[in-house]
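Welcome! Let us take a friendly walk through this protein, going from its inside to its links, its strands and two single residues. Keep the picture beside you as you read.

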Amino acid sequence: MAVPRAASPRRPPALRWPGLLPPPPPLLLPLLLLLLPAPSEGFGHSVELAFAVEPSDDVAVPGQPVVLDCGVEGTPPVQITWRKNGVELPESTHSTLLANGSLMIRHFRLQRGGSPSDEGDYECVAQNRFGLVVSRKARIQAATMSDFHVHPQAAVGEEGGVARFQCQIHGLPKPVITWEKNRVPIDTDNERYTLLPKGVLQITGLRAEDSGVFHCVASNIASIRISHGARLTVTGSGSGAYKEPAILVGPENLTLTVHQTAVLECVATGNPRPIVSWSRLDGRPIGVEGIQVLGTGNLIISDVTVQHSGVYVCAANRPGTRVRRTAQGRLVVQAPAEFVQHPQSISRPAGTTAMFTCQAQGEPPPHVTWLKNGQVLGPGGHVRLKNNNSTLTISGIGPEDEAIYQCVAENSAGSSQASARLTVLWAEGLPGPPRNVRAVSVSSTEVRVSWSEPLANTKEIIGYVLHIRKAADPPELEYQEAVSKSTFQHLVSDLEPSTAYSFYIKAYTPRGASSASVPTLASTLGEVPAPPPLSVRVLGSSSLQLLWEPWPRLAQHEGGFKLFYRPASKTAFTGPILLPGTASSYNLSQLALSPPCDCRKDEATNQTSTTGIVIGIHIGVTCIIFCVLFLLFGQRGRVLLCKDVENQLSPPQGPRSQRDPGILALNGVRWGERGQLGRNEKRVDMKELEQLFPPAGAAGQLDSRPTGAAAPALCEETQLSMLPLQGCGLMEGRTTEATDPCSGLAAAPPPPDGGPGLLSEGQAARPAPAPVTQPARSGH
């Protein structure tokens with residue numbers, strides 16, 4: 001209940017009334033004030049600014065005065081104001097600021113009609129030259145009393161039995177419940193009558209004189225209310241027959257705050273009368289301190305603590321047996337937030353890092369917020385919060401960071417605050433921040449940062465420090481690179497492609513660092529990947545499957561591939577075919593047959609180079625096998641014979657010098673022995689080939705050509721219904737020489753846009769690699 005307090009003469013704001021004792025009579029107050037010591041002496045130490053007394057939650061009576069206490073210690077002059085619901089409360093005749101900093105509301109109001117209500121959350125605000133602090137929030141509510149929402153009910157009981165009445169009503173403050181019998185207060189000294197604070201009356205060992213009408217009486221500072229009457233009728237004694245033990249009323253679930261009293265009810269009946277006992281479900285002992293049993297089985301725990309939280313089990317046992325009945329209820333004890341580590345005032349040089357730590361405990365665990373001069377401080381810029389906001393770090397501090405910082409811990413049971421001051425030590429003559437900071441992307445891994453020197457005090461500069469971090473990372477992940485004092489640009493390398501970075505710079509002298517420059521942002525360029533290696537599978541007479549390794553990073557950047565292809569006998573590429581970055585294969589179908597080719601050439605000119613992947617059949621044995629397959633399926637065509645086909649295209653089992661120059665078998669049939677006609681020539685038995693491959697019309701007639709030492713190589717083509725594999729090349733690089741399409745080595749120019757056969761989407765043209773001759777791969 002709020003107690004009216006007399007106004008005291010005005011005194012220095014640094015003095016405060018402790019608020020622990022009732023105020024002295026008004027006539028004695030001036031004399032006592034003369035005896036009060038100065039603030040720095042009275043509290044045993046000197047602080048910049050802190051609360052000695054903070055306002056408490058209270059319940060006020062409408063129309064009556066209420067006083068909210070506030071005591072501040074600190075270096076004068078100290079200015080004290082009040083906030084209501086976060087808004088500064090102007091001083092008026094209705095609410096007056098007392099000399100000691102407390103707030104008096106002369107006539108507490110409830111909202112009626114258009115008049116405002118004085119209910120709300122109040123904060124005391126104190127300010128001096130060091131900064132500003134805000135007290136904990138004090139909730140002021142109006143005293144109220146509702147109607148009964150549970151009235152006692154009539155009951156009938158046997159002599160020796162149990163009767164129970166209950167009423168429930170809400171009010172602020174919590175109503176005090178008493179009982180009347182026949183309009184007379186009941187005798188609380190009667191051991192058979194048990195009154196529980198929650199509004200329960202228990203009567204055990206009923207007697208005939210207990211009959212009557214019972215009323216519940218609820219009272220608080222707001223009102224007094226009386227419930228409906230409930231008649232108790234006591235009948236004759238029971239038959240004495242055996243009755244199983246039973247629990248009429250068990251414990252309810254309770255949520256309390258520390259230091260309150262817990263009442264766990266348990267009413268049991270039976271014949272013989274059961275024995276009531278209590279235990280914890282987790283097996284821990286209930287203890288004895290502050291524990292008592294009220295009536296025949298009610299458990300009372302006074303001054304509860306968080307350790308009392310748990311599930312309590314009431315058991316009703318039949319004497320001498322193991323027959324029992326149980327009921328249980330949960331007790332939850334909450335604890336307001338309190339500090340186990342307070343933040344400490346610190347002094348730090350400008351440009352360095354300041355850190356405050358506060359740790360609070362409570363049940364439920366409290367939430368921690370920080371205030372800077374009374375304003376909520378969130379993470380961002382050079383301010384960061386860690387460890388569930390218990391650690392506040394301010395990097396690169398400057399004069400604007402000098403303030404009083406408060407740690408506020410709050411949960412559903414209450415709140416607490418603690419404060420500390422940051423003093424920034426600023427050396428005279430330090431340079432200002434570097435100017436005109438710019439960052440320009442150079443490549444996918446490099447950014448060039450440039451700046452201009454500060455405007456003043458540049459003679460003592462010994463160097464610069466560039467601070468770098470990813471724009472998406474928290475400030476604690478930044479790193480630094482030192483730069484010479486004569487250099488006003490720096491190339492930052494080893495960055496990640498397609499990533500935004502933040503940069504700022506400080507100038508350093510032997511006496512300290514300048515304040516930080518304005519931060520600037522830049523993003524690295526996208527990375528241009530090289531084309532992946534290709535592999536090829538033959539799917540049919542006119543289709544191929546291209547395979548390559550998947551490229552997850554390309555897919556993440558929404559890139560893709562460009563595919564180009566051409567027959568080896570042509571110079572123009574078909575494409576591009578656009579493929580997503582997630583692709584790892586592609587099928588080429590409906591490929592056209594290649595036209596006939598003239599394969600005459602010297603062995604000396606058979607030296608080509610290519611960087612393409614050429615698909616062809618160049619091995620003699622494989623060619624003959626394909627010919628036999630065509631014969632078996634009735635295919636007709638022309639025979640392709642080239643000079644030195646055996647030596648040039650023999651299977652790659654070993655060096656050319658180790659291969660057998662005279663034998664090439666087909667289903668057990670040996671080609672004719674070939675004599676040595678010249679240094680680099682061999683004669684072929686044409687008649688034997690004609691027998692194996694009969695001519696088909698004019699198009700299939702074999703063309704007789706000279707076979708002398710100086711004659712060019714003999715070349716005949718077989719027109720196949722399936723795609724001649726040597727007629728198609730899939731390119732992934734540049735070429736420098738033309739190549740005979742029948743030789744199996746293709747030298748193709750780049751696609752029209754200068755890209756390779758398989759390009760990553762967005763890849764820039766690059767210089768051609770050195771020519772590489774790649775032997776054709778055999779396919780079946």
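**The nonpolar cores**

The largest nonpolar core has 22 residues, and the members that touch the most others are F356, W370, L392, I394, Y405 and L422. Several strands feed this core: β31 (324–341), β33, β35 (367–372), β38 (391–394), β39 and β40 (414–425) each supply at least two residues. Please remember as you look that this is a predicted model. As a general idea, nonpolar side chains tend to be buried together in soluble globular proteins.

Try finding I394 on the screen. Leaving out residues up to four places away in sequence, I394 touches T352, T353, A354, H382, V383, D401, Y405 and L422. Apart from the largest core lies another one, made of 21 residues, with A60, L103, C124 and I140 among them.

**The disulfides**

How many disulfides does a search of the whole structure find? The search finds four. A disulfide is a covalent bond between the sulfur atoms of two cysteines. Three of these links are set out below.

| Disulfide | S to S distance | Place of each cysteine |
|---|---|---|
| C70 and C124 | 2.0 Å | C70 in the loop between β3 (66–68) and β4 (71–74), C124 in strand β9 (residues 120–128) |
| C167 and C216 | 1.9 Å | C167 in the loop between β14 (162–166) and β15 (171–172), C216 in strand β20 (residues 212–219) |
| C358 and C407 | 1.8 Å | C358 in the loop between β33 (354–357) and β34 (359–363), C407 in strand β39 (residues 403–411) |

The link of C70 and C124 is left-handed, with -75° about the S-S bond. This pair connects distant parts of the chain, 54 residues apart. C167 sits in a loop and C216 in a strand, so their bond ties together parts that are 49 residues apart in sequence. C358 and C407 likewise tie together parts 49 residues apart in sequence.

Are the cysteines of the pair C70 and C124 buried or exposed? C70 has a relative accessible area of 0%, so it is buried, and C124 is buried at 0% as well. C167 counts as buried because its relative accessibility is 1%, which is under the 20% cut-off. Its partner C216 is buried at 0%. For the third pair, C358 is buried at 0% relative accessibility, and C407 is buried at 0% too.

**Strand β20 and its partners**

C216 leads us to its strand. β20 is mostly covered, since six of its eight residues are buried. Strands of a sheet pair through backbone hydrogen bonds, either parallel or antiparallel. Strand β16 (residues 176–181) runs antiparallel to β20 and is joined to it by six bridges; here T178 stands opposite V217. Three bridges join β20 to strand β22 (residues 230–237), again antiparallel, with G212 facing its bridge partner L232 in β22.

β20 also pairs with strand β21 (residues 224–226) in the antiparallel sense, over three bridges. In β21, V217 has I226 as its bridge partner. Together, β20 and β21 form a hairpin with four residues between them.

**A three-strand sheet**

Now look for an open sheet with the order β14-β19-β18 and antiparallel pairing. Which strands stand at its edges? They are β14 and β18 (193–196); each has a single partner strand, so one side of each is left without a neighbour in the sheet. On average, neighbouring strands of this sheet are turned by 15° against each other, direction ignored. β18 and strand β19 (residues 200–204) are paired antiparallel over four bridges, and L196 has V200 in β19 as its bridge partner.

**Two residues in loops**

S102 is found in the loop between β7 (95–97) and β8 (103–105). Its relative accessible area is 3%, under the 20% cut-off, so S102 is buried. Not counting residues up to four places away in sequence, S102 touches V67, L68, D69, C70, W82, T96 and L97. One of these, C70, is the cysteine bonded to C124.

E252 also has a loop as its place, between β23 (243–249) and β24 (254–257). At 39% relative accessibility, E252 counts as partly exposed. Leaving aside neighbours within four places in sequence, E252 is in contact with K198, L264, G329 and R330. E252 and Q328 are 76 residues apart in sequence, and their C-alpha atoms are 7.7 Å apart in space.

Methods:
Residues are numbered from 1 along each chain as its sequence is written. This is a predicted model: local features need pLDDT of at least 70, side-chain atom pairs count only at pLDDT 80 or more; totals for chains, interfaces and linings use all residues. Side-chain values use heavy atoms; hydrogens and water are left out. Buried means under 20% relative accessible area, exposed over 50%, partly exposed in between (1.4 Å probe, protein chains only). Contact means heavy atoms within 4.5 Å. A disulfide is a pair of cysteine sulfur atoms within 2.5 Å. Two strands pair if DSSP finds at least two bridges between them. Axes are lines fitted to C-alpha atoms, for helices over the stretch in contact, and angles run from 0 to 180 degrees between N-to-C directions. A nonpolar core is a set of buried Ala, Val, Leu, Ile, Met, Phe, Trp, Tyr and Cys residues joined through side-chain atoms within 4.5 Å.
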